[in-house]
Amino acid sequence: MAVPVSDAELVQRCRAGDESAWHELVERFSRYVYAICVQAFRLSPHDAEDVFQEVFARVYEHLGRLRSDDAIRPWIAQLTRRLCIDRLRGGSRESPAELEEEAGGVDETLAALDDALTVRAGLDAVGDPCREILDRFFCRDESYRVIGEALELPAGTIASRISRCLAKLRAHLEGRS
Amino acid sequence: MTGYDIERIAELLRLLTPPPEGWTRAAQELPQARAELASIVARAEEDAAFRAKVVADLEAALEAEGIDPTPSVVAVLRVRLEAD
């Protein structure tokens, strides 16, 4: 079982100028930021890309202002939410609350994305090969055949591997492993 | 999250799809982009007229300096100019 670096440790290393830590921080939160942009606020691909890049530019520039290193996740969520609203407001007279209402179910989506990030962290802790198999199947929507070819495994074994990996991930999330 | 049934885990995994190709790499390369912009930021700090011109049109300012105004680079410049 892999022992992932904590968010706080990653932030400390980024602040110290460790570029590999910055790479890891971006990797860790890129899907989360992207999902907030396109699922919670339904931004167009063009707007989503602008917001995505601005979020990370601001995180990099203002990492020193973070009061608690553990707070990186809610900070990124809040920052992304604010920038999405700013983007939607461009040319609109509606208030942020009205825009969120129009986007529909933003809070619910954000809560689900928070849960998803927790599951994702569990997947990182479980490590490969489960991480790669589950990521390819659920997140990248790859077929058994494609996964089998990529990982040099018989396609007929992929379904059972997915099932075993899900059980392993569940055990980890429930603190049983 | 309290319940961890398999269906729910699968559903949550599906929510976090990777961003389009190149977005993550561009954000990871932000420290290099920041360094590349150092001379523009320095000029903007010293020259109010230049700063106003840059702020008015970030993309055009970058192009004039021979820098490709990608979303990542534009975002870095915007944030840098705000911070100074």
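Modeller: Two residues are in contact if their C-beta atoms, placed from the backbone, lie within 7 Å. This is a predicted model: local features need pLDDT of at least 70, side-chain atom pairs count only at pLDDT 80 or more, and totals for chains, interfaces and linings use all residues. Residues are numbered from 1 along each chain as its sequence is written, with chains lettered from A and ligands numbered from 1 in the order written.

Colleague: Okay, what share of contacts in chain B between residues at least 6 apart in sequence join residues at least 24 apart?

Modeller: Chain B reads α-α-α-α-α-α-α along its sequence, with 7 helices and 0 strands (DSSP runs numbered from the N terminus: H or I, at least four residues; E, at least two). Among its contacts at least 6 apart, the share spanning at least 24 is 52%.

Colleague: Is chain B more spread out or more compact than a globule?

Modeller: Its C-alpha trace spans about 60 × 25 × 20 Å along the principal axes. The radius of gyration (over C-alpha atoms) is 19 Å, while the globule rule (2.2 Å times the number of residues to the power 0.38) gives 12 Å for 84 residues, so chain B is more spread out.

Colleague: How do α6(A) and α1(B) sit relative to each other?

Modeller: Helix α6 (residues 106-126) of chain A and helix α1 (residues 6-15) of chain B have axes (lines fitted to C-alpha atoms over the stretch in contact) that come within 8 Å and cross at roughly 100° (0 to 180 degrees between N-to-C directions). With 65 to 115 degrees as the window, that makes them roughly perpendicular.

Colleague: Which residues of α1(B) make that contact?

Modeller: On the α6(A) side, it's Ala112(A), Leu113(A), Asp115(A), Ala116(A) and Val119(A). Facing them from α1(B) are Ile9(B), Leu12(B), Leu13(B) and Leu15(B).

Conventions. Parallel < 35°, antiparallel > 145°, perpendicular 65-115°, else oblique.
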